[in-house]
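Here are a few notes to go with the structure. Have a look at it first, then read on.

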Amino acid sequence: MKTLNPKRKRIYILNCPIDALTMQETLQLIDSAIKENKHLHQVVVNATKLVKMQKDKDLYESVINADIINADGMAVVWASKILGKPLPERVTGIDLMQELVKLAYKRGYKIFFFGAKEEVVRKVVEKYSKEYSPEIIAGYRNGYYSEKEEPLIARQIAESGANILFVAISTPKKERFLYKYRNILKNVNFIMGVGGSFDVIAGKVKRAPKWMQKYGLEWFYRFLQEPKRMWKRAFVDNGKFLGLVVKEFIKFKISGKG
């Protein structure tokens with residue numbers, strides 16, 4: 001299979017390429033890749049991930065080499081406007097995942113669910129099997145494993161007959177897994193990391209109300225639910241991201257492009 005490299009507009013924020021794609025355009029690219037038996041690796045970026053990429057070279061390489069890079073966070077969309085290269089909209093990992101599950105049911109595609117705790121991933125599979133059909137399930141596995149098990153897991157996924165792979169593991173572990181085993185996974189048409197999405201689908205974690213999503217306050221809603229786990233991401237990483245964007249904006253102005 002050949003990797004799909006569609007011609008499209010990409011912008012750069014903090015040295016990271018980001019595709020100026022809407023949700024619908026992203027879905028069309030993915031659907032076309034599966035129909036044509038091609039392979040696509042997609043990632044989403046938010047403020048926290050862009051901050052981590054500044055020092056984590058492995059994470060940086062795994063992200064910039066993906067075929068599609070979408071802006072997951074509103075902070076990234078706002079930064080693109082401030083820097084004079086506006087993105088059309090945010091394309092969140094969980095929303096894209098939900099749309100792809102619908103597409104899988106419509107087209108007869110199969111999905112492998114990898115990540116989260118055993119009871120969580122099982123509940124996600126049960127929910128989608130009941131809501132759509134068991135026929136869309138290629139397989140599933142929890143996200144707790146040792147490094148030596150990784151090649152076996154990658155082969156299990158590759159041999160499952162899946163067209164789509166969702167990996168619900170935290171950053172940077174999921175990005176490294178998908179990049180490291182990209183050759184083994186090349187028979188899976190579409191692969192993406194979905195972070196904590198399985199926890200939301202399973203009802204373990206509540207998603208922010210629509211109005212908070214619209215105004216970029218999902219991070220604060222998550223902080224209120226899990227303050228010990230989310231405080232660094234909510235305040236430290238977001239603060240660093242703001243500082244880095246301000247620096248880039250100053251350089252943008254000085255260069256005479258603003």
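1. Start with L224: it is exposed, with a relative accessible area of 53% (exposed means over 50%, buried under 20%, partly exposed in between, with a 1.4 Å probe and protein chains only). L224 sits in helix 11.

2. Before going further, note that this is a predicted model: local features need pLDDT of at least 70, side-chain atom pairs count only at pLDDT 80 or more, and totals for chains, interfaces and linings use all residues. Numbering starts from 1 along each chain as its sequence is written, and side-chain values use heavy atoms, leaving out hydrogens and water.

3. L224 joins W219, F220 and F235 in a nonpolar surface patch of about 370 Å². Patch residues have over 30% relative accessible area and no salt bridge, with nonpolar side chains joined within 5 Å (a salt bridge is a Lys or Arg side-chain nitrogen within 4 Å of an Asp or Glu carboxyl oxygen). Areas are Shrake-Rupley values with a 1.4 Å probe. Helix 11 (residues 218-225) gives the most to this patch, with three residues.

4. Now the sheet: six strands, open, parallel, in the order 4-3-8-7-5-6. Its edges are strand 4 (68-71) and strand 6 (137-141), each pairing on one side only. Helices (H or I, at least four residues) and strands (E, at least two) are DSSP runs numbered from the N terminus, and pairing takes at least two DSSP bridges.

5. Strand 7 (residues 164-168) and strand 8 (residues 190-193) pair in the parallel sense over four bridges. Within that pair, V167 stands opposite G193.

Terms used. Patch = residues over 30% accessible without salt bridge, like charges linked within 9 Å, V, L, I, M, F, W, Y side chains within 5 Å.
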